[in-house]
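Here are some exercises to work through with a protein model on your screen. Try each task before you read its solution.

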Amino acid sequence: PDTIGDLILFTPALGQFMEAWPKARHVIVVREGYENLASLFPKSLEWKVARLNPFKKRPSQCRRELNALLGDLEALGPDLILAPTLNRTWLEIAVAAHFKKTRSVVLGGAEVDPLFEASLRLDLDVDPAASFRETVPSDPTAGDVENQHRFAEKVIGGGLKRRLPAIEVGAEPSAKARSIAAMHGLAQGKWAAVFPGGLANVPVKSWPPSQFAEVVAWLQARKLPVMLLAHADEAPEVEKVASLAEKIGGTRPPTWLGRDGELPLLAALLKDCGVYFGHDTGAMHIAGAVGRPVVGIFGGGHWPRFKPSARQAVSVVQPLPCFGCNWDCHFGDGPCVKTIPAGDAIRALERVLGAGADPVDAVVESHSLPPKALELIAAASPGILALKRDRVERQHKIEELKSETDSKDVEIEDLKR
């Protein structure tokens, strides 16, 4: 797992592995920064931090860090290597290929982004298709929790009881969160956490501040106080929402801007609230995992993989012919999200707020674009996809030529000596 959401959604399967093999050492490999989630997970889980970013660097650019990680893993002597997420980088493939004699299992196949595939082949001489010893098929129409449940059943053997993601928040962050909320006059469980941030990795899926402001004003009109939450780096977007809410007749809501290392405090604040509303982010999955009702705004990048898995959850989505773009948006600005009106989000909130204690698992579909626009998107998408494939093929060729040139440069230097 390589993002907050991935890690939270993995908790049901992780719990099943730890219960099936209680005497084993369970080690999870994460990118730097995500180890801050450790206090929310079982204490016996070990965290190994990869001091490299496979999204930004190819293997040849971080050989020292990769070798250090592989050395640390060799020292552990793993008996089983699992790749339980569907979006992979070259790193999972490299680890599995390194431990050729170890049982390794991948969910959904070992396919990676074509650029990652080229890096593996040119830098490490690794074939992704041959890296894992076992494959568990995935269902593209199901969410990650459902697919990982199937994955755990296959790895462990036999049927397993289904469960929802869950994390534990400690006493210290809980007390601090209660103090922060109380300072703003927010009673425990009686306020809405509105999250207009959380888009550092995928900014294209942002919902407009004006729409968030409408929802804030609507919640306040229902006598449900609001606090805006985001990362400190997203302060300008939060300020836009607060200012616009005030401008359209609401009151300026209080804000909490988290900093790196404060994920346990964010989890505690979300546990303190009465409902989460906001982007499809790690915070949404945290809110669901601490037992809060959630309403998330979704686009088509990975739909429906990251639908919230919670006791009470409603997803708002606008189906378009270009869905499945992996957030390499055909149109650059995510119209599937940008054009969802506030009214559809409010309908979703009405659904979850009116449910009482009853479970909710629903989707509110938005249909704001006219039929002609949908026809245009459907007609344009095949050509755009063809251009993207051509771009990738050209990039492959460039990398191959660069690799050959580098190799010849080394040979020439050797001859000079």
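This model is predicted, so keep that in mind as you go.

**Exercise 1.** Find the helix that holds His285, decide whether His285 is buried or exposed, and list what it touches.

*Solution.* Step one: His285 sits in helix α11, which covers residues 282-289. Step two: the relative accessible area of His285 is 5%. Buried means under 20%, so His285 is buried. Step three: setting aside neighbours within four places in sequence, His285 contacts Gly5, Ile8, Leu9, Asp280, Phe306, Lys307 and Pro308.

**Exercise 2.** Work out how enclosed helix α10 is, and which nonpolar core it contributes to.

*Solution.* Step one: helix α10 spans residues 263-272, and nine of its ten residues are buried, so the rest of the structure largely encloses it. The buried residues are Leu263, Pro264, Leu265, Leu266, Ala267, Ala268, Leu269, Leu270 and Asp272. Step two: turn to the largest nonpolar core, which has 59 residues. Phe41, Ile167, Leu229 and Leu266 have the most contacts inside it. Helix α10 gives the most to this core, with seven residues. Step three: look at Leu266, leaving out residues up to four places away in sequence. Leu266 touches Phe195, Leu229, Trp256, Ala283 and Ile286. There is also a second, separate core of 42 residues, which includes Ala192, Val238, Val275 and Val352.

**Exercise 3.** Count the disulfides, then check Cys329 and Cys62.

*Solution.* Step one: recall that a disulfide is a covalent bond between the sulfur atoms of two cysteines. Step two: the sulfur atoms must lie within 2.5 Å, and by this rule the count is zero. For Cys329, the nearest cysteine sulfur belongs to Cys325 and is 5.6 Å away, and Cys329 is in no disulfide. Step three: compare accessibility with the 20% limit for buried. Cys329 counts as buried at 17% relative accessibility, and Cys62 is buried with 2%.

**Exercise 4.** Describe the second largest pocket: how much space does it hold, and what lines it?

*Solution.* Step one: about 990 Å³ of space lies in this pocket. Step two: 36 residues line the pocket, and the closest to its centre are Val27, Ile28, Leu80, Ile81 and Leu82. Step three: the elements giving two or more residues to the lining are α2 (11-20), β1 (27-31), α3 (63-76), β3 (80-83) and α4 (90-98). Strand β1 supplies the largest share, five residues. Step four: sort the lining by type, and you get 27 nonpolar, four polar and five charged residues.

Note on methods: Residues are numbered from 1 along each chain as its sequence is written. This is a predicted model: local features need pLDDT of at least 70, side-chain atom pairs count only at pLDDT 80 or more; totals for chains, interfaces and linings use all residues. Side-chain values use heavy atoms; hydrogens and water are left out. Buried means under 20% relative accessible area, exposed over 50%, partly exposed in between (1.4 Å probe, protein chains only). Helices (H or I, at least four residues) and strands (E, at least two) are DSSP runs, numbered from the N terminus. On a 1 Å grid over the protein atoms alone, a cavity is a set of points where a 1.4 Å probe fits but cannot get out, and a pocket is an open set with protein on both sides within 12 Å along at least five of seven lines; lining residues have an atom within 4 Å of a point. Grid points are joined across faces, edges and corners, and a volume is the space filled by probe spheres set on the points. Ala, Val, Leu, Ile, Met, Phe, Trp, Tyr, Cys and Pro count as nonpolar, Asp, Glu, Lys and Arg as charged, and the others, Gly among them, as polar. Contact means heavy atoms within 4.5 Å. A nonpolar core is a set of buried Ala, Val, Leu, Ile, Met, Phe, Trp, Tyr and Cys residues joined through side-chain atoms within 4.5 Å.
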